[in-house]
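Here's a quick tour of two bound ligands and the residues around them. Have the model open as you read.

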Amino acid sequence: MAEVDAQKCFDVALDLVKQAGKVVREAIKKKKNIETKSSAVDLVTESDKAVEKMLISGLSEAFPDHKFIGEESVSAGEKCVLTDEPTWIIDPIDGTMNFVHSFPYTCISVGLWVKKEALVGVVYNPVLEQMFTAIKGQGAFLNGEKLSVSGEKDLGQALVFSEMGTSRDQEKVNTVLTNITNLMPKVHGFRSMGSAAMHMAYVALSAADAYFGFGAHCWDTAAGFLLVKEAGGIVIDTEVFAG
Ligand code: IPD
Ligand code: CA
């Protein structure tokens with residue numbers, strides 16, 4: 001496998017994500033064409049599809065041998081397989097429900113994984129102009145300013161994110177509600193912003209202390225994973241630990 005130039009990958013991704021941000025920033029103010037996917041609250045708009053197309057086309061032009069996992073491509077039937085090959089994992093709009101309602105916590109999330117490890121992560125909220133970036137081993141940044149997680153170890157002092165997700169399967173809903181009910185008396189505060197990638201970016205920023213999610217997809221977390229790690233935090237996949 002050819003050596004991957006992390007800086008070049010980052011530069012190309014950053015430029016494309018900024019361009020995609022302009023599309024999202026304009027589209028969020030307008031009426032959207034909305035379709036549903038796995039449930040009545042799992043949404044996709046023409047902007048999700050347009051942004052994913054734009055990112056994959058720009059990245060594959062720059063890196064013809066790289067692979068892609070994109071939320072909307074997978075929804076359209078593409079395989080979701082992570083190999084050792086350089087793979088861009090893309091959520092064109094994370095927080096689509098927010099985007100549909102013009103609620104400004106929505107973002108573009110792009111992660112590059114190589115040999116099943118995160119190398120580059122970009123999470124961009126173009127409405128609030130927040131560009132979160134990370135390259136493995138070089139730290140995490142918000143608009144160029146270095147980030148570090150809060151380091152809070154006392155749950156009673158922690159602001160914790162979680163949320164319902166896009167499944168309305170009664171068993172899953174009950175599990176999430178039970179988790180929240182059990183946690184609520186133990187935490188300092190509880191918040192839910194409607195975007196897994198934004199949650200992870202805000203943990204990296206130390207605007208919150210922790211985030212836990214149930215049923216997130218790889219495109220929701222591929223970039224946020226690196227932001228949290230590079231900001232000195234930890235990310236745990238309970239399925240891996242359970243296995
Ligand atoms: C969703 C958001 C949400 C999380 C869901 C995701 P989408 O992504 O990240 O916060 O709870 O699990 O599916 O559908 O807005 O890209
Ligand atoms: Ca999405």
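## The pocket

A pocket, worked out on a 1 Å grid over the protein atoms alone, is an open set of points with protein on both sides within 12 Å along at least five of seven lines. A molecule sits in one if more than half of its atoms lie within 2 Å of its grid points. Here, ligand 1 takes up the space of the second largest pocket.

This is a predicted model: local features need pLDDT of at least 70, side-chain atom pairs count only at pLDDT 80 or more, and totals for chains, interfaces and linings use all residues. Residues count from 1 along each chain as its sequence is written, chains are lettered from A and ligands numbered from 1 in the order written, and side-chain values use heavy atoms, without hydrogens and water.

## Around ligand 1

Ligand 1 is surrounded by 13 residues, each with a heavy atom within 4 Å of it. Asp 94, Gly 95, Thr 96, Glu 163 and Ala 196 are the closest. Strand E4 (residues 87–94; strands are DSSP runs of at least two residues, numbered from the N terminus) gives the most to this shell, with three residues.

Which side chain has an N or O atom 2.7 Å from an oxygen atom of ligand 1? That's Asp 94. A backbone N or O atom of Ala 196 lies 3.0 Å from a ligand 1 oxygen.

## The calcium ion

Glu 71 (OE), Asp 91 (OD, listed twice) and Ile 93 (O) are the protein donors of the calcium ion (ligand 2), lying 2.1 to 3.1 Å from it. Donors are N, O and S atoms within 2.8 Å of the metal (3.2 Å for Na, K and Ca), and water is not among the atoms, so sites may look incomplete. The donor residues are spaced E-x19-D-x1-I in sequence.

Asp 91 and Ile 93 are both buried, meaning under 20% relative accessible area with a 1.4 Å probe, protein chains only.

How values were computed:
Buried means under 20% relative accessible area, exposed over 50%, partly exposed in between (1.4 Å probe, protein chains only). A polar contact is a pair of N or O atoms within 3.5 Å; within protein, one must be able to donate a hydrogen and the other to accept it, and residues adjacent in sequence count only if both atoms are side-chain atoms. On a 1 Å grid over the protein atoms alone, a cavity is a set of points where a 1.4 Å probe fits but cannot get out, and a pocket is an open set with protein on both sides within 12 Å along at least five of seven lines; lining residues have an atom within 4 Å of a point. Helices (H or I, at least four residues) and strands (E, at least two) are DSSP runs, numbered from the N terminus.
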